[in-house]
Amino acid sequence: MRIETKYNINQDVWFIEKGKVVEDTILKIEYNINNKSEEEIKYQFKDSDVLNSFYGTKYRIFNESQVFATKEELINSL
């Protein structure tokens with residue numbers, strides 16, 4: 001099985017968080033298949049405000065549909 005994602009680890013991308021346009025670097029990529037056999041790709045970014053229960057590490061997590069390669073692509077998606 002080959003899994004393809006739009007973005008890569010250590011790539012700078014754009015998303016909206018708390019009403020603000022943010023640029024950050026992808027720290028981790030998570031791939032899941034739900035019980036309806038639908039694929040789900042999530043990107044994780046380090047954060048000091050959100051606590052993830054996994055090892056007490058703090059991450060921000062966004063679905064692939066919420067992440068964009070450029071600020072212009074993000075704005076055009078609105």
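**From an exposed terminus to a buried core**

At 72% relative accessibility, Arg2 counts as exposed, where exposed means over 50% relative accessible area, buried under 20% and partly exposed in between (1.4 Å probe, protein chains only). The structure is a predicted model, in which local features need pLDDT of at least 70 and side-chain atom pairs count only at pLDDT 80 or more, whereas totals for chains, interfaces and linings use all residues. Residues are numbered from 1 along each chain as its sequence is written, and side-chain values use heavy atoms, with hydrogens and water left out.

The side chain of Arg2 meets that of Glu4 in a salt bridge of 3.5 Å, N to O; a salt bridge here is a side-chain nitrogen of Lys or Arg within 4 Å of a carboxyl oxygen of Asp or Glu. Glu4, like its partner, is exposed, with a relative accessible area of 60%.

The overall fold can now be set out. The chain contains five strands and one helix, taken as DSSP runs numbered from the N terminus (strands E, at least two residues; helices H or I, at least four). Along the sequence these elements follow the pattern β-β-β-β-β-α. The chain has 78 residues, and 27% of them count as buried. With contact defined as heavy atoms within 4.5 Å, residues 24 or more positions apart account for 33% of the contacts that have a separation of 6 or more. The accessible surface, from the Shrake-Rupley method with a 1.4 Å probe and, for residues, only the protein chains shown as cover, comes to about 5,800 Å² for the chain, and carbon and sulfur atoms hold 46% of that area.

What do the aromatic rings contribute to this picture? The structure holds four aromatic pairs. Rings of Phe, Tyr and Trp (its six-membered ring) pair if their centres lie within 6.5 Å, and planes under 30 degrees apart count as stacked, over 60 as edge-to-face and the rest as tilted. One of the pairs is formed by Tyr7 and Tyr43, which are edge-to-face at 5.6 Å centre to centre, with 65° between the planes. This pair links distant parts of the chain, 36 residues apart: Tyr7 belongs to the segment before strand S1 (12–17), and Tyr43 to strand S4 (residues 39–51). Tyr7 counts as buried at 5% relative accessibility, and Tyr43 counts as buried at 0%.

Another pair is formed by Phe15 and Phe62, which are tilted, with 35° between the planes and 4.3 Å from centre to centre. Here too distant parts of the chain are linked, as Phe15 lies in strand S1 and Phe62 in strand S5 (residues 58–63), 47 residues apart. Both rings are buried, Phe15 at 0% relative accessibility and Phe62 at 10%. Together with Phe45, these two residues form one aromatic cluster.

Strand S5 also takes part in charge pairing. Side chains of opposite charge can pair when their charged atoms come close. The count for this structure comes to four salt bridges. Asp24 forms one with Arg60, the closest N and O atoms being 2.0 Å apart. Because Asp24 lies in strand S2 (residues 20–25) and Arg60 in strand S5, the pair ties together parts that are 36 residues apart in sequence. Arg60 is buried, with a relative accessible area of 10%, and Glu17, Asp24 and Arg60 are linked in a network of salt bridges. A further salt bridge joins Glu40 and Lys42, whose closest N and O atoms are 3.9 Å apart. Glu40 is partly exposed, with a relative accessible area of 33%, as is Lys42, with 22%.

Arg60 also touches Gln44, a residue of strand S4 that counts as buried at 3% relative accessibility. Neighbours within four places in sequence aside, the contacts of Gln44 are Thr25, Ile26, Leu27, Lys28, Glu30, Tyr59, Arg60 and Ile61. With Glu30, the side chain of Gln44 makes a polar contact of 3.5 Å, a term for a pair of N or O atoms within 3.5 Å; within protein, one must be able to donate a hydrogen and the other to accept it, and residues adjacent in sequence count only if both atoms are side-chain atoms.

Finally, the surface carries a nonpolar patch formed by Ile16, Val21, Ile75 and Leu78, with about 370 Å² of accessible area together. Patches are made of residues with over 30% relative accessible area and no salt bridge, with nonpolar side chains (Val, Leu, Ile, Met, Phe, Trp, Tyr) joined within 5 Å and like charges within 9 Å. Of these residues, Ile75 is placed in helix H1 (residues 71–77) and is partly exposed, with a relative accessible area of 43%.
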